[in-house]
Amino acid sequence: MAKGLQKAKIVITGKNGQLAKEFTRILSKMGIEHFAFKKEELDITNVDRVWSVMKEIKPDFVINCAAYNMVDKAEEERDMAFLVNAKAVKTLAEVCSESGAKLVHYSTDYVFGGEKSKPYIEEDNPSPINYYGKTKLLGEMYLKENLNNFLLFRVSWLYGKGRNNFIYKFLNWAKENRELKVSENEVSVPTWAKRVAEVSLKAMEQGLKGLYHLTNSGYASRYEFALKIKEILNLQNSIKPVNSSIFNLKARRPEFSAMDNSKISTELNFSIPHWDYDIKEYLRELK
Ligand SMILES: NC(=O)c1ccc[n+]([C@@H]2O[C@H](COP(=O)([O-])OP(=O)(O)OC[C@H]3O[C@@H](n4cnc5c(N)ncnc54)[C@H](OP(=O)(O)O)[C@@H]3O)[C@@H](O)[C@H]2O)c1
């Protein structure tokens, strides 16, 4: 690890989330000074609190793992989704611009509308089709307008230690139902939070800036994702491919929102493992 990052002071928001947990675990292991705050300790929508914490700690990096991630609920709780995913990012960008800290922020494949048939690259135009995606895109815009020194990573279908992910939900359904219906018309990249944290730290260490798509390699439908989990864990459930319209979800999802990770892989000279490799690693760790 470069001397710069080893000596850095890092603030992490959204401490109880799956990505933040990976950062705190890795940074503790590496002995890097970091201050992780859960929502109750640092609500990023509280402008005064954000300014006072940053003034007190004077971090070199702020890693914003806090987000409003409930895609369906966001259609109803629009104000809250906007405050957390957009307005608070503006506050963080303003604070970092004033203090000189680098802001590392996360966005989503749901900024895309799903009209492409091959993975989205950073130059593609976003066109979100749900409110969550719209708020995350606004967050990206506020970040770019208010700060130069940032790393903005778009990630997709994140899983890790936590409940807000497909693997956790799928394993719970599998305990209760013999036959499971999983959509075959949603395609993206299942991505391990641990891998995102590791690659983010490499990018921070090497002084990268700007927008990157950060996912595992390859892509899959939810159905293929489920089949892979079943295969690895040798589950006896039967899995039926269905069209997602049968679930009557409040928010629309893009049919194809896989992203291409070539830009970050090339700049870091690092090949990010295929999604099915990392799922095996994750499930092995989970056991
Ligand atoms: N999960 C995915 O599949 C996925 C996909 C694409 C992009 N992303 C993006 O990746 C990043 C990391 O996601 P994740 O999966 O690690 O999220 P997560 O597990 O849902 O964690 C988000 C954390 O943010 C906290 N939080 C919510 N509102 C807050 C506020 N006002 N102030 C401070 N903390 C607040 C939450 O606390 P409470 O739980 O107490 O509310 C939660 O601990 C996010 O930017 C997310 O939008 C995630």
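## A tour from Ser 183 to the ligand and the cores

Start by selecting Ser 183, which sits in strand 7 (residues 179-183); helices (H or I, at least four residues) and strands (E, at least two) are DSSP runs, numbered from the N terminus. The model is predicted, so local features need pLDDT of at least 70 and side-chain atom pairs count only at pLDDT 80 or more, while totals for chains, interfaces and linings use all residues. Residues are numbered from 1 along each chain as its sequence is written, and side-chain values use heavy atoms, with hydrogens and water left out.

**Around Ser 183.** Ser 183 counts as buried because its relative accessibility is 2%; buried means under 20% relative accessible area, exposed over 50%, and partly exposed in between (1.4 Å probe, protein chains only). Add Glu 186: its side chain makes a polar contact with the side chain of Ser 183 at 2.8 Å. A polar contact is a pair of N or O atoms within 3.5 Å; within protein, one must be able to donate a hydrogen and the other to accept it, and residues adjacent in sequence count only if both atoms are side-chain atoms. Leaving out residues up to four places away in sequence, Ser 183 also touches Ser 221, Arg 222, Tyr 223, Val 242, Ser 244 and Phe 247 (contact means heavy atoms within 4.5 Å).

**The ligand.** Now select the ligand and the 24 residues that surround it, each with a heavy atom within 4 Å. The closest are Gln 18, Lys 39, Asp 43, Asn 69 and Lys 136. Helix 2 (18-30), strand 4 (102-108) and helix 5 (131-146) each supply at least two residues of this shell, and strand 4 has the largest share, 3 residues. For backbone partners, show Leu 158, with an N or O atom 3.0 Å from a ligand oxygen, and Tyr 106, where the corresponding distance is 3.3 Å.

**The cores.** Next, go to the largest nonpolar core, of 60 residues, and select Val 62, Leu 103, Leu 143, Phe 170 and Phe 225, which have the most contacts inside it. Such a core is a set of buried Ala, Val, Leu, Ile, Met, Phe, Trp, Tyr and Cys residues joined through side-chain atoms within 4.5 Å. Helix 4 (78-99) is among the elements that give two or more residues to this core, and helix 4 gives the most, 8 residues. A second, separate core has 33 residues, including Ile 10, Ala 36, Leu 214 and Ile 272.
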